[in-house]
Amino acid sequence: MTGLPRESVGDSTLSLLREGYEFVSRRCEKHQSDAFRTRLLGRDVICLRGPRAVALLYGTAGLKRCGAMPWTVLNLLQGPGSVGTLEGEAHRHRKSLFVSLMVEGDAADQLACAFEAAWAERLVFEATPNVLTTASDVLARVVTEWAGLGEGLAGDPRFRRDLFLMSDQAGRFGPGVVHALWRRSRAERRIHEVLDAGVDTGTPADFIVRFEEGGRPLPRDVAVREILNILRPVVAVGRHVAFAARILVRDPEWRDWLRTVSENEMTAFAEEVRRTSPFFPATTAITTERVDLDGLTLQPGQWVMADLWGTMQLERCFPAAEVFKPGRNLDWRRADECFVPQGGGDIATSHRCPGDRTSVALITAALRVLCRHVTWRAPEQDLRISMSRMPAKPANGVDLTDVAPER
Ligand code: HEM
């Protein structure tokens, strides 16, 4: 297609790594356009942000995700043969597994309830805990138990750490990634062993093992990956918990506000945490046929990258976007064209994440802990967020001191 601004430098991969979350937005500002063309990893890529980007990646036929992610990201996150790599009817059928477990069932409430009790206890026990580390570790224990994988795995700190590092290292390069890939295959082996020994009937793990495609249960290695596709992202919500804690440390008035507000207002705060936290930066796809959308014409084989983070910072979608403001009426239930912390569009039919409901429930549970169940103080610490580290986090993960039960 013609008419799109083009980056003049040869290949922008190094700039993308250096600028991280801000790479697409900076160039959109420079070109005064929500789409531009550049080269990444030697390929011609169209980068987009805003409603058209969301409509393209989550509401348009003729794109595939398989092959559009760097190999290390695919292997650390979703895994070959998993739901994220499927398209069309095969995708819809596999996705129904996640929809019935994570969206229609009461997984979100069960996980949030277990996390709330266990994390409050852990914070008091440690007295000077780190939010990112403790929340991620407790989430790993809670979701492994909930899935029905037993105390052997849930109680193993090495397994829980492996789950954390898969997401933590997903956007990085170098030895840390190699180590995380090795940890991922170790975690897969451990789940295989548990499944071979047999899991209790009626548990989520049992549901996945029995899930049929073409009249047959899923191949065992695919079932293991889909189990990991629930465990790993639930643990990753610990990052959102750390971003939420950072807001409370920097602006204690929110802490007082959250002590008294309704459940709905607390949920609104959690949704604004998701809008303002640099977490999942962007999503990529390749066109499989000619695609026409709102003045864009893409030829088959075109790589596209939709900037999810940048879309949530757009002033025309979120007035005073840089201000943290829980009253924006954000709600994961709506297929919003700008509020896309975990992707957009229809959960059942697009590649949008099936974990929004769970994320919101877990962040809200964490807010109840931090504002109602325990008292704490925060020491002087580095709370800066490096926008070139993907996924980002508050520099030290947010340290707390003097944690005690609320009286
Ligand atoms: C809370 C539990 C979560 C579960 C069970 C979960 C699971 C999944 C699964 C299975 C997919 C693939 C969907 C598909 O291809 O149809 C997915 C996609 C996605 N997830 Fe999650 N996830 C969770 C939390 C998160 C979190 C905390 C984030 C980060 C903000 C996140 C961001 C995303 C994004 C952006 C996609 C779409 C990727 C794309 O469009 O290619 N998820 N998630």
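This is a chat about the ligand site and a helix pair in a predicted model.

Student: Hi! How many residues surround the ligand, and which are the closest?

Tutor: In this predicted model, 29 residues surround the ligand, and the closest are Tyr 58, Arg 65, His 91, His 351 and Cys 353.

Student: How do those 29 split into nonpolar, polar and charged?

Tutor: The shell holds 13 nonpolar, 13 polar and 3 charged residues.

Student: What does the side chain of Tyr 58 do there?

Tutor: One of its polar side-chain atoms sits 2.7 Å from an oxygen atom of the ligand. For Lys 95, a side-chain N or O atom is 2.8 Å from a ligand oxygen, and for Thr 283 the corresponding distance is 3.0 Å.

Student: Which elements give two or more residues to the shell?

Tutor: Those are α5 (88–104), α12 (220–250) and α16 (356–373). The largest share, 6 residues, comes from α12.

Student: Switching topic: at what angle do the axes of α12 and α16 cross?

Tutor: They cross at roughly 45° and come within 9 Å. An angle from 35 to 65 degrees counts as oblique, so α12 and α16 are oblique to each other.

Student: And is that crossing left-handed or right-handed?

Tutor: Right-handed, as α12 passes α16.

Student: Which residues meet there?

Tutor: From α12 the residues are Val 234, Val 237, His 240, Val 241, Ala 244, Ala 245 and Leu 248. On the α16 side they meet Thr 358, Ser 359, Leu 362, Ile 363, Ala 366, Leu 367, Leu 370 and Cys 371.

Student: Is this contact rich in charged residues or without them?

Tutor: Without them: the contact of α12 with α16 has 12 nonpolar, 3 polar and no charged residues.

Key: Residues numbered from 1 in each chain as written. Predicted model: local features only at pLDDT ≥ 70, side-chain atom pairs only at ≥ 80, totals over all residues. Heavy atoms only, no water. Near = heavy atom within 4 Å. Polar contact = N/O pair within 3.5 Å; in protein donor to acceptor, adjacent residues only side chain to side chain. Helix = DSSP H or I, 4+ residues; strand = E, 2+ residues; numbered from the N terminus. Nonpolar A, V, L, I, M, F, W, Y, C, P; charged D, E, K, R; others polar. Axes fitted to C-alpha atoms, helices over the stretch in contact; angles between N-to-C directions. Parallel < 35°, antiparallel > 145°, perpendicular 65-115°, else oblique. Left-handed = near helix turned anticlockwise from the far one by under 90°. Contact = heavy atoms within 4.5 Å.
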